[in-house]
Amino acid sequence: MKAHVANLIHSVVLVATSCWGYFGSETPSGTALIPAVIGVLLLLCQGGVKRESKAVAHVAVLLTLLALVGNGGMALRDAIG
């Protein structure tokens with residue numbers, strides 16, 4: 001799989017699941033939209049990743065790791081609690 005395709009899929013999944021969590025909740029919280037913001041930023045990086053710009057690709061990787069740590073940390077906290 002090419003990097004720009006993986007970036008596109010990841011950003012769309014982040015936006016979709018974030019909106020689903022926000023609008024599907026009885027008491028929506030603004031923090032549920034943080035992954036959507038990261039997903040939009042990844043979408044903005046899409047052109048640079050497709051052109052194989054190293055600087056933009058590094059920003060996309062950093063945003064992806066931020067999303068992974070943030071979402072993984074919340075899941076781990078909920079599983080422990």
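## Burial, cysteines and surface in a helical chain

At a relative accessibility of 10%, Cys45 counts as buried, a classification that follows because buried means under 20% relative accessible area. This is a predicted model, and the values discussed below are computed from it.

The second cysteine to consider is Cys19, which is partly exposed with a relative accessible area of 28%. The structure holds 0 disulfides. For Cys19, which is in no disulfide, the nearest cysteine sulfur is that of Cys45, 18 Å away; Cys45 is likewise in no disulfide, and its nearest cysteine sulfur, that of Cys19, lies 18 Å away. The absence of a bond between Cys19 and Cys45 follows from the cut-off, because a disulfide is a pair of cysteine sulfur atoms within 2.5 Å, whereas the sulfur of Cys45 is 18 Å from that of Cys19.

As for the overall architecture, the protein chain has 4 helices and 0 strands, and its elements run α-α-α-α from the N terminus on. Taken along the principal axes, the C-alpha atoms fill a box of roughly 40 × 25 × 20 Å. Of the contacts between residues at least 6 apart in sequence, 52% join residues at least 24 apart. Buried residues make up 20% of the 81 residues in the protein chain, and the accessible surface comes to about 5800 Å², of which 72% belongs to carbon and sulfur atoms.

Helix α1, which spans residues 3-23, holds both a buried and a partly exposed example. Ser11 is found in helix α1 and, at 0% relative accessibility, counts as buried; leaving aside residues up to four places away in sequence, Ser11 touches Gly39, Leu42 and Leu43. Ile9 also lies in helix α1, but is partly exposed, with a relative accessible area of 44%. Together with Met1, Val5 and Val13, Ile9 makes a nonpolar surface patch of about 400 Å². Ile9 can belong to such a patch because patches are made of residues with over 30% relative accessible area, and the value for Ile9 is 44%.

The table gathers the accessibility values of the four residues discussed individually.

| Residue | Relative accessible area | Class |
|---|---|---|
| Ile9 | 44% | partly exposed |
| Ser11 | 0% | buried |
| Cys19 | 28% | partly exposed |
| Cys45 | 10% | buried |

Conventions: Residues numbered from 1 in each chain as written. Predicted model: local features only at pLDDT ≥ 70, side-chain atom pairs only at ≥ 80, totals over all residues. Heavy atoms only, no water. Patch = residues over 30% accessible without salt bridge, like charges linked within 9 Å, V, L, I, M, F, W, Y side chains within 5 Å. Areas by Shrake-Rupley, 256 points an atom, 1.4 Å probe, with all protein chains shown as cover. Salt bridge = Lys/Arg side-chain N within 4 Å of Asp/Glu carboxyl O. Helix = DSSP H or I, 4+ residues; strand = E, 2+ residues; numbered from the N terminus. Buried < 20%, exposed > 50% of the residue type's maximum accessible area, 1.4 Å probe, protein only. Contact = heavy atoms within 4.5 Å.
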